[in-house]
Amino acid sequence: MTKKTVPRSTRGSANTREKPKKRNNKWSWKKSFWIMFFTAAFAVFCAVGGYLYVLLNGERLMKQYKDADMFQMAEISTIYDNSGKELAKLGHGIENREIVEAADIPKKVRDAFIATEDRRFYEHQGVDLWSIGRAMVKDIMARSLVEGGSTITQQLAKNMFLTSDKTFFRKATEVSISLALENHFTKEEILTMYLNRIYFGKGAYGIKAASIKYFGKEDLNDLQTWEIATLAAIPKAPTHYNPINNPDKSKDRRAVILQLMKDQGFITAAAAKEAAEVNYEHEEKKSTNKKVDTTPYQSFIDYMVEEAVDKTNLSEDQLYRGGYHIYTTMDADAQRIMFEAFNDDSMFEKSKDEIKAQGAMVITDHADGSVVAMMGGRDYERKGLNRATVARQPGSSMKPIVSFAPALETGQYFPWSSLSNKKECFGSYCPSNIGQRYTGSMDMASAVKRSVNMPAVWLLNEIGLAKGFEFAQNLGIPLKKEEDYNLSISLGGMSRGVSPLNMAQAYNAFANGGDFFPSYSITKIEDRNHKEFYAYKVPEGKQVMSEQTAHYMTEMMQDVVTGGTGRDARIRNREVAGKTGSTQHAVPGYNGPGNRDVWFVGYTPEWTAAVWMGYDKTDRNHVLKTSSDQTARMFSKVMSEALSKKKKGSFKTPSNIKEKPKPVQAVSGLSASYSENTKTVALSWKAVSEGDASYNVYRKSSKDSAYTKLLSGLKETNAEDIGVFAGESYQYYVTANVGEKKEETPRSNEVTVAIAVEEPIEPPVDPVQPPTTDPTNPDVPTDPTNPDNGGGVTPGGGEDGSEGEGTDQGEGQGQGQGQNPDGSTGEITPNPGSGEGNSSNGDGSINGFSNGGGNGNGNGNGNGNSNGNGNGNGNNGADNRNNNGQGNTPNNNGNNGT
């Protein structure tokens with residue numbers, strides 16, 4: 001076999017193979033130098049270029065704005081009604097502002113704004129890098145642009161640039177303008193421009209306009225420290241921090257400003273403390289007979305602007321000048337009708353002086369919560385006090401929200417349920433009915449219809465305060481637990497009150513079957529290019545009560561309008577339900593009549609409306625003499641005209657409505673008679689058909705003004721009134737308690753018993769008394785003055801039926817003859833003594849009648865009662881019975897003659 005040879009070149013070990021060359025990875029310092037050099041150069045180039053761009057851009061913008069006023073360059077926004085028809089131009093009139101010169105701005109005003117907005121104002125050149133760094137840290141932590149870090153100069157630049165969107169491009173442009181401003185103007189000039197241009201809310205541009213608007217002061221030197229701090233608090237959020245809209249929030253923000261001023265040495269701690277404690281009181285311009293030049297839509301527009309600021313990221317100033325298209329829920333016809341009604345002086349109570357009684361009204365669509373129309377007051381001025389959103393005490397219009405509807409929702413109460421209407425206290429709270437009229441009980445429907453106080457308070461106490469409190473909160477009522485958690489809320493007693501808008505929003509749920517919708521006035525906002533900027537999506541209604549509860553409440557409140565306290569709210573050929581409300585004035589030192597607030601809140605199958613009337617400030621000369629009839633008439637007038645072109649609807653009846661049980665028949669056949677023998681009134685009546693009934697007897701004497709319950713819990717169909725007196729008349733009626741809840745039936749027929757005064761009987765004249773003899777012992781003549789001379793000699797020692805001390809038992813026969821209080825005599829057969837007082841009631845009387853209280857010497861006296869049958873002649877009988885029909889024995893010699 002031949003051996004295969006391998007070429008030499010392929011033989012050999014692996015070590016003989018060639019190894020690859022290693023790469024030279026050594027870093028050269030030259031490379032590092034050049035990289036660092038070019039990086040630094042590029043950074044410097046970018047920085048210089050950026051700085052030059054910022055400067056040049058700032059100068060360009062400054063040239064653009066130098067001779068132009070930012071208000072003239074603004075594009076006015078447009079408002080549309082619910083049909084898309086243009087209503088008004090939102091920015092119209094904003095050029096009316098007040099300008100103040102630098103020399104007229106007090107140092108304390110400048111200090112307040114510097115301390116609040118830019119404490120390093122005099123140190124930076126328009127941009128505060130420290131503040132920007134702090135803002136960047138907060139933005140990173142919040143993962144969004146939340147902190148502005150703007151100086152006063154930058155805020156002025158932002159106003160000139162017209163937008164405030166938090167983008168880095170806008171921020172860069174703002175920096176450009178700020179640097180240019182610092183190059184062209186002194187610090188004092190910049191601060192003066194800033195104070196003249198910033199927006200202070202309520203249509204006030206500039207510090208002077210704000211001073212006039214909020215404090216009525218044209219000279220800024222007249223401003224006090226607390227007023228200056230109040231103004232300095234506003235620019236951060238003009239809608240939320242202006243003292244007219246939100247006095248509490250304004251006061252809290254003012255305290256922050258004062259603390260900043262103190263920390264930076266502008267005021268002392270004592271001055272800060274004093275200024276922080278002052279309460280703001282808005283002085284609205286006195287309304288006169290001169291009509292104010294305002295559009296019918298102004299109240300609605302002012303409210304809409306506040307909603308836009310709250311729902312979007314726009315400021316009020318930007319909304320005015322941004323060229324937006326704002327589509328609202330306003331029904332223009334309803335708004336004009338309401339405006340005209342509020343301009344009709346006959347619809348309001350006439351005042352004693354030039355200060356007019358005020359009012360407010362809101363109409364909402366209860367299908368979705370949209371605001372249809374709104375009036376903030378008579379002679380309403382732009383950015384004035386919008387009373388449609390101001391809280392007042394609601395009075396009885398709160399009863400359905402806090403007491404009646406929550407009780408129905410438990411399933412334990414119905415419109416026909418009987419409620420207590422008795423005068424009573426609940427702990428330290430002692431409410432009362434108007435006119436101090438009480439009926440013992442009444443059904444819920446009657447309590448709602450007649451607006452009676454006690455049933456509402458009693459019912460809230462029965463179901464539990466927590467249920468009523470939570471129910472009201474779910475309807476949007478702004479209750480505060482630490483201040484309002486008490487039974488007085490059942491009558492509308494609140495710490496702050498509610499606004500007409502709150503009430504309309506709450507009553508919407510009664511009208512639509514139990515669903516709550518938040519109110520709103522804007523459907524959408526488009527920018528100047530008609531691109532959608534904001535849109536409201538109506539949420540699904542939150543069910544706050546059952547359809548059955550809403551139905552029952554609607555039925556009862558329809559009765560309020562058809563025949564109760566709200567009759568003036570009726571609208572011809574339309575179904576209306578609603579509730580009245582009023583609060584008494586509570587003016588210190590004034591006890592005269594008058595109301596502080598009067599209300600009517602009602603609804604039709606289409607819309608809900610709330611009407612309030614009163615004075616802005618209530619005092620002895622400015623209280624309402626009328627009640628809720630005035631507000632009910634306003635409701636009827638406005639709603640009837642506003643709905644005239646709308647199809648008439650009707651309230652729907654849901655399924656599973658529990659039928660009202662057949663009314664329990666009242667007790668019948670009541671009769672009464674007076675017994676001369678027993679001196680009592682006997683009553684009898686027919687039994688009711690329900691088993692296990694108990695009866696109550698009510699009585700009213702000729703001296704009483706009202707019925708009182710005489711007897712209760714009776715199982716028989718007869719009774720006796722033992723507490724009657726001669727010469728008086730008495731009226732009676734009877735009720736029954738039936739069913740599981742022992743509800744009281746209506747009253748029976750009434751009967752009257754008159755008790756005549758008895759004429760005294762003259763005894764026969766017989767001066768000579770023939771001697772008589774004792775038939776058992778003819779030899780012993782009897783004493784004609786004491787024919788009942790029996791064998792008992794121990795007198796009873798009891799008084800008023802108390803236990804006597806006699807031991808012998810008399811054996812005589814005879815009849816005591818006592819003398820009645822009117823002088824007449826009565827033949828009264830004695831009871832056999834029991835040794836323990838009277839056999840009837842143990843108080844020294846039989847059935848409450850007088851005891852013949854003479855000194856009869858019968859054949860023995862028992863323990864307070866004669867036990868014998870002796871013919872004791874009770875002399876000098878007296879009737880000391882009291883109003884309860886209980887007679888008292890006039891002496892301690894026993895009760896002979898009872």
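Gly713 sits in strand S18, which covers residues 708–714. In this predicted model, Gly713 is partly exposed, because its relative accessible area is 46%. A partner from elsewhere in the sequence is Ala693: Gly713 and Ala693 are 20 residues apart along the chain, and their C-alpha atoms are 8.7 Å apart in space.

A similar pair of positions involves a serine. Ser250 belongs to helix H11, residues 247–263. Is Ser250 buried or exposed? With a relative accessibility of 2%, Ser250 counts as buried. Its C-alpha atom is separated by 9.7 Å from that of Ala229, and the two residues are 21 apart along the chain.

**Salt bridges**

Let us turn to charged side chains. Side chains of opposite charge can pair when their charged atoms come close. Counting a side-chain nitrogen of Lys or Arg within 4 Å of a carboxyl oxygen of Asp or Glu, the model has 29 salt bridges. Three of them are set out here.

| Salt bridge | N to O distance |
|---|---|
| Arg110 and Glu188 | 3.8 Å |
| Lys187 and Glu182 | 3.0 Å |
| Asp721 and Arg699 | 2.8 Å |

Take the pair of Arg110 and Glu188, joined by a salt bridge with an N to O distance of 3.8 Å. Arg110 is in helix H3 (residues 107–117) and Glu188 is in helix H7 (residues 187–197), so this salt bridge ties together parts that lie 78 residues apart in sequence. Glu188 itself is partly exposed, since its relative accessible area is 33%.

Lys187, meanwhile, has a salt bridge to Glu182 at 3.0 Å. Are these two side chains buried or exposed? Lys187 has a relative accessible area of 15% and is therefore buried. Glu182, at 11% relative accessibility, counts as buried too.

The third pair in the table joins strands. In the salt bridge of Asp721 with Arg699, the closest N and O atoms are 2.8 Å apart. Asp721 is in strand S19 (residues 718–721) and Arg699 in strand S17 (residues 694–701), so the pair links distant parts of the chain, 22 residues apart. Asp721 is buried, with a relative accessible area of 3%, and Arg699 is buried with a value of 15%. Elsewhere, salt bridges with shared partners connect Asp345, Lys356, Arg378 and Asp379 into one network.

**Helix packing**

Next come the helices. Two packed helices are described by the angle between their axes and the distance between the axes. Helix H15 (residues 332–342) packs with helix H23 (residues 629–642) at an angle of about 150°, and the axes are 9 Å apart. Angles over 145 degrees count as roughly antiparallel, so H15 is roughly antiparallel to H23. The crossing of these two helices, H15 and H23, is right-handed.

How do the axes of H16 and H22 cross, and at roughly what angle? Helix H16 (residues 399–409) and helix H22 (residues 547–563) have axes that come within 9 Å and cross at roughly 130°. H16 and H22 are therefore oblique to each other. Their crossing, too, is right-handed.

**Two loop residues with positive phi**

The loop that follows H22 brings us to backbone angles. Asn573 lies in the loop between H22 and strand S12 (577–584). Although Asn573 is not a glycine, its phi is positive, about 65°. At 57% relative accessibility, Asn573 counts as exposed, because exposed means over 50%.

Which other loop residue has a positive phi of about 55° although it is not a glycine? That residue is Gln436, found in the loop between strand S6 (418–421) and strand S7 (440–443).

**A nonpolar surface patch**

We finish on the surface. Trp29, Phe33, Trp34, Phe37 and Phe38 together form a nonpolar patch there, with about 640 Å² of accessible area between them. Trp34, one of these residues, is in helix H1 (residues 29–66). With a relative accessible area of 46%, Trp34 is partly exposed.

Key: Residues are numbered from 1 along each chain as its sequence is written. This is a predicted model: local features need pLDDT of at least 70, side-chain atom pairs count only at pLDDT 80 or more; totals for chains, interfaces and linings use all residues. Side-chain values use heavy atoms; hydrogens and water are left out. Patches are made of residues with over 30% relative accessible area and no salt bridge: like charges are joined within 9 Å, nonpolar side chains (Val, Leu, Ile, Met, Phe, Trp, Tyr) within 5 Å. Accessible areas come from the Shrake-Rupley method with a 1.4 Å probe; for residues, only the protein chains shown count as cover. Helices (H or I, at least four residues) and strands (E, at least two) are DSSP runs, numbered from the N terminus. Buried means under 20% relative accessible area, exposed over 50%, partly exposed in between (1.4 Å probe, protein chains only). Axes are lines fitted to C-alpha atoms, for helices over the stretch in contact, and angles run from 0 to 180 degrees between N-to-C directions. Angles under 35 degrees count as roughly parallel, over 145 as roughly antiparallel, 65 to 115 as roughly perpendicular and the rest as oblique. A crossing is left-handed if the near helix is turned anticlockwise from the far one by less than a right angle, and right-handed if clockwise.
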